[in-house]
Amino acid sequence: MTATEQTTTGPGTSERTASGHAPAAAGAATAGTSPAAGAAELSGAARAAARALGDDALVLAQRLGEWAGDAPVLEEDVALTNIALDLLGQARTLLSMTGDEDELAYLREEHEFHNVQLVEQPNGDFAVTIARQLYFSVYQELLYAALAARGGELAPLAAKAVKEVAYHRDHAEQWTLRLGDGTEESHRRMQQALDGLWRHTGELFAPLDGLGVDLPALHEEWRERVAAVVERATLTLPQGPDRTPWAAGAGRQGVHTESFGRLLAEMQYLHRAHPGASW
Amino acid sequence: MVTVRTSPGPALAPGELSSLEEELLRLAGEVPDPELPVVSLAELGVLRGIRVVGPGRVEVELTPTWTACPALESMAEDVSEVLKGAGMSEVTVHKVLSPAWSSDAISAEGRRKLAEAGVAPPRPQTLGGPAGSGPVAVDLAIRCPHCGSTDTRLLSRFSSTACKSLRRCESCGEPFDHFKEV
């Protein structure tokens with residue numbers, strides 16, 4: 001099966017501004033590139049699983065976007081927002097397979113999002129962002145590779161996205177090495193970041209109904225890959241529990257940490273204040 | 001109006017195209033890339049198929065270089081405009097993800113034009129390890145598009161668009177974009 005997005009432009013719908021871009025108005029008659037919703041293609045557990053993965057990508061994209069204009073160096077400003085854009089593309093594809101992407105992103109309440117808690121954790125300092133990237137990109141690369149190999153509805157996206165995520169993982173690895181094997185201060189902060197986020201990593205490998213991938217089976221490989229980078233960076237793989245005692249794996253059940261509400265408020269307020277706004 | 005479909009779009013078998021389809025394919029293929037206008041959609045390898053499905057009605061398949069590439073929507077509009085100029089009244093553009101686009105799909109002519117415009121073209125994937133293995137571990141020589149030196153250094157894996165990385169030439173000192181291997 002091939003996932004396709006369809007853009008139809010009928011007669012008289014190709015009006016443009018002088019700059020060659022689509023008109024700013026969100027009117028129904030504009031040329032057909034608005035990311036409006038599609039027919040839901042998946043059903044039942046497969047739909048819920050695709051939506052959970054879409055939520056992971058969307059929420060992490062939103063977090064990384066917060067670095068725009070605020071990263072330590074210009075190249076990182078560009079890098080982190082590029083990674084955010086890749087994740088947003090994955091999120092749009094996944095969410096569109098389960099409903100209207102805009103309604104799903106802008107109009108759901110906190111408990112209706114099923115992303116893992118790792119991706120909603122605040123950016124912290126640069127080391128925290130890199131630790132989150134390392135944990136998540138190694139996981140996502142393994143996951144997408146497995147989904148691509150399995151075939152089925154998510155395979156076309158997974159086969160494409162796994163190549164993009166390889167760049168994200170490479171970026172996170174390079175920074176982990178530089179920070180871990182850098183100054184005393186960067187080493188201390190990188191270790192602190194790895195330790196602080198460790199309790200959110202177990203949830204990544206909780207079984208996800210309808211996905212068709214044995215997530216628990218990927219856990220050991222993930223641990224080995226992360227450990228290899230961490231050790232090369234002269235850091236120590238955290239030894240504590242990889243689940244939070246109060247809500248193990250609860251992101252997938254719609255239970256989120258405190259800062260998630262503020263992330264959603266930032267992401268949704270414009271759409272809620274001006275329904276259907278577009279530019 | 002964008003909808004997501006799991007049914008395949010129009011197939012493209014070169015021998016099966018009518019003369020009208022061949023003409024429309026040629027016109028659509030000449031549309032310049034919105035971000036890198038020196039190369040055409042045909043040279044970039046993103047135009048996957050075309051089919052006339054009724055009088056004045058044509059369906060086109062485009063594939064994005066990177067999943068989130070925002071240029072795809074402009075491409076769809078530009079293709080639509082061109083085909084309407086050629087007499088089509090209804091143009092449907094399908095965005096297909098499979099098989100995934102590879103930087104190997106850029107034609108030799110496209111590579112030459114990229115280099116001429118100051119963007120180092122992607123290296124063939126076959127040199128960098130098995131296909132799909134992601135970024136190559138070894139820094140194979142990437143030539144400076146300005147002075148031709150192979151003594152260039154990676155500044156950032158991410159640059160002005162999703163598909164490019166940023167490098168600097170150690171010989172002439174100029175920074176330049178490099179179209180990433182994918």
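Visitor: What makes the largest nonpolar core a core, and which residues touch the most other members?

Guide: A nonpolar core is a set of buried Ala, Val, Leu, Ile, Met, Phe, Trp, Tyr and Cys residues joined through C-beta atoms within 7 Å. The largest one has 114 residues, and A:Ala61, A:Ile130, A:Ala131, A:Tyr135, A:Ala158 and B:Ala28 touch the most other members. H5(A) gives the most to this core, with 14 residues. Please keep in mind that this is a predicted model: local features need pLDDT of at least 70, side-chain atom pairs count only at pLDDT 80 or more, and totals for chains, interfaces and linings use all residues. Residues are numbered from 1 along each chain as its sequence is written, while chains are lettered from A and ligands numbered from 1 in the order in which they are written.

Visitor: Why is this core said to lie between domain 1 and domain 2 of chain B?

Guide: Both domain 1 (14-95) and domain 2 (119-179) of chain B give residues to the core, so the core lies between them. The domain bounds come from an automatic or database assignment.

Visitor: How do you know which residues of H7(A) to call buried?

Guide: Buried means that 20 or more other C-beta atoms, placed from the backbone, lie within 10 Å of the residue's own; 12 or fewer means exposed, and in between is partly exposed. In H7(A), A:Arg189, A:Met190, A:Gln191, A:Ala193, A:Leu194 and A:Leu197 are the buried residues. Their cover includes helix H4 (117-120), helix H5 (126-150), helix H6 (155-180) and helix H8 (219-232) of chain A.

Visitor: Which residues does A:Ala131 contact, neighbours within four places in sequence aside?

Guide: Contact means C-beta atoms, placed from the backbone, within 7 Å. On that basis A:Ala131 is in contact with A:Met190, A:Ala193, A:Leu194 and A:Leu197.

Visitor: What makes the span of helix H7 of chain A agree or disagree with the expected one?

Guide: Helices are DSSP runs (H or I, at least four residues), as strands are (E, at least two), numbered from the N terminus. The expected span is 1.5 Å times one less than the number of residues. With 14 residues (184-197), H7 should span 20 Å, and its end C-alpha atoms are 20 Å apart, so the two agree. Chain A has nine helices and one strand.

Visitor: How many residues join the two domains of chain B?

Guide: Six residues of domain 1 are in contact with four of domain 2. The domain 1 side divides into four nonpolar, one polar and one charged, where Ala, Val, Leu, Ile, Met, Phe, Trp, Tyr, Cys and Pro count as nonpolar, Asp, Glu, Lys and Arg as charged, and the others, Gly among them, as polar.
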